[in-house]
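Got the viewer open? Let's walk through this one together, one selection at a time.

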Amino acid sequence: MKIITMATLKGGAGKTMNTFNIAGILAEKHRVLLIDVDPQCNLSNNCGVDIADPDLKTVRDILGKQPEDQPAPEEVIYKMPITDLPNLDVIPSSIMLFDTEMNMVNATGRENFLKYYIDDNREYFQNTYDYILIDTNPSMSIININAFYIADSIVLTSDVSTNSVSGAELFCSLWKSKRKPLRKENNIAALILCNFDKRTNLGKDLIEYTGDASFSQDIIIKTVVPATVKLKNTEVEHQPVNVLYPKDEIRKTYDRIVDELREKGVL
Ligand SMILES: Nc1ncnc2c1ncn2[C@@H]1O[C@H](COP(=O)(O)OP(=O)(O)OP(=O)(O)O)[C@@H](O)[C@H]1O
Ligand SMILES: [Mg+2]
């Protein structure tokens, strides 16, 4: 079982888009669990989960809770939200996570709630999933630090814009300052560029820059995700590219990204 957390410090950079579509492709051959820790709940929505359902169990039932109050994995995992991908499950997020974050500020072991929960139920998670993919929001919140800390690999996402590349770079330096006191090794393993409009010269320059820059040259994924309405449709249709456009070039793009992530040891 490998745990991969998607990150950056710029909003709207394509993290959720990449999480959803990489998970879709992986779920064709592997058992995949998504964990949404972003209070915007975009990944949960993409999966078609009704986050307004008052009975829905969410990641909020795990974070900031004492072990005796945490649900068993079978209770909190929403099984098979996408009918065509029976190997894909999700632990949804909650808009009330903002509240949870505040309650966690002074909690003992506040950076470790997710780690302890997986450790307490390691046999279940290990026997049930090959990959756990965690989607975060653009911040160094305590909840996100839980997700970065537990990751075997962090995969950064940037759209092809100056501010977004800066957001990825900023993440690298901030995470270094956060992980050192926690004795966590550097786990940033890849950077995916996306939403690329090939008509712009700035885009080409930025792709070149990330290939050479010291923070990104070793982690850059060479396959760039183009800007396309087909990817927006994956959100509307609640189906990742491999289900919605199984033979399309955009699916092949994500196949290549998955191959590159495997070469980098992320998958
Ligand atoms: N390659 C793409 N082509 C077209 N639209 C895209 C592409 N990638 C992302 N988008 C659109 O850009 C918006 C932001 O993408 P996404 O939600 O994945 O970003 P994010 O980094 O997860 O944002 P946040 O920081 O708010 O979590 C979405 O509306 C999505 O539809
Ligand atoms: Mg997102």
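Start by selecting A190, which sits in strand β6. Leaving aside residues up to four places away in sequence, A190 touches S153, V155, L156, I219, I221, L261, K264 and V266. Is A190 buried or exposed? It counts as buried, because 24 C-beta neighbours lie inside 10 Å, and 20 or more is what the label takes. Now add R251 to the selection: A190 and R251 are 61 residues apart along the chain, and their C-alpha atoms are separated by 20 Å. Keep in mind as you click around that this is a predicted model.

**Next stop: the ligand**

Select ligand 1 and show what surrounds it. There are 20 residues around ligand 1, and those that come nearest are G11, A13, K15, T16 and M17. Which elements give two or more residues to this shell? They are α1 (15-26) and α10 (229-237). Try colouring the shell by residue class: you should get seven nonpolar, nine polar and four charged residues.

**Along α1 to its partner**

Stay with α1 and bring up helix α12, residues 249-263. The two helices pack with their axes 10 Å apart, at an angle of about 80°. That angle falls between 65 and 115 degrees, so α1 and α12 are roughly perpendicular to each other. To see who meets whom, pick N21, I22, I25 and L26 on the α1 side, then Y254, D255, I257 and V258 on the α12 side. By class, this contact has six nonpolar residues, one polar and one charged.

While α12 is on screen, click E249, which belongs to that helix. E249 is exposed, because just 11 other C-beta atoms lie within 10 Å of its own, and 12 or fewer earns that label. For a long hop, draw a distance from E249 to I143: they are 106 residues apart along the chain, with 36 Å between their C-alpha atoms.

Now go to the loop between α1 and β2 (32-36), where you'll find E28. E28 counts as partly exposed, because it has 16 C-beta neighbours inside 10 Å. Select D84 as well: E28 and D84 are 56 residues apart along the chain, yet their C-alpha atoms are separated by 9.3 Å.

**Two residues in one loop**

Move to the loop between α3 and β3, and select I77. I77 is buried, because 21 other C-beta atoms lie within 10 Å. Not counting residues up to four places away in sequence, I77 touches L33, D89 and I91. Zoom in on the pair I77 and I91: 14 residues apart in sequence, their C-alpha atoms are 4.9 Å apart in space.

M80 lies in the loop between α3 (73-76) and β3 (88-91) too. What does its backbone do? M80 has a positive phi of about 50°, although it is not a glycine. That's worth a look, because most residues other than glycine have a negative phi. With 15 C-beta neighbours inside 10 Å, M80 counts as partly exposed.

For another case, jump to R183, in the loop between α8 (162-179) and β6 (188-194). Phi of R183 is near 60°, again a positive value in a residue other than glycine. R183 counts as exposed, because it has 6 C-beta neighbours inside 10 Å.

**Last stop: two helices and their faces**

Select helix α4, residues 97-104, and look down its axis. Its buried residues are L97, T100 and M104. They cover an arc of only 50° around the axis, so they sit on the same side of α4. The spacing helps explain this: an α-helix has 3.6 residues a turn, so residues three or four places apart point the same way. Now spin α4 around: the face turned away from the buried side carries the exposed residues F98 and M102. What covers the buried residues of α4 includes α7.

Finish with helix α5, residues 113-120. Highlight F113, L114 and Y117, the buried residues of α5. Seen down the axis, they fall within an arc of 95°, so they line one face of the helix. Among what covers these buried residues of α5 is α7 (142-149), so switch that helix on too before you leave.

Key: Residues are numbered from 1 along each chain as its sequence is written. Chains are lettered from A and ligands numbered from 1 in the order in which they are written. This is a predicted model: local features need pLDDT of at least 70, side-chain atom pairs count only at pLDDT 80 or more; totals for chains, interfaces and linings use all residues. Helices (H or I, at least four residues) and strands (E, at least two) are DSSP runs, numbered from the N terminus. The arc is that of the directions from the helix axis to the C-beta atoms. Two residues are in contact if their C-beta atoms, placed from the backbone, lie within 7 Å. A residue is near a molecule or strand if its C-beta atom, placed from the backbone, lies within 6 Å of it. Ala, Val, Leu, Ile, Met, Phe, Trp, Tyr, Cys and Pro count as nonpolar, Asp, Glu, Lys and Arg as charged, and the others, Gly among them, as polar. Axes are lines fitted to C-alpha atoms, for helices over the stretch in contact, and angles run from 0 to 180 degrees between N-to-C directions. Angles under 35 degrees count as roughly parallel, over 145 as roughly antiparallel, 65 to 115 as roughly perpendicular and the rest as oblique.
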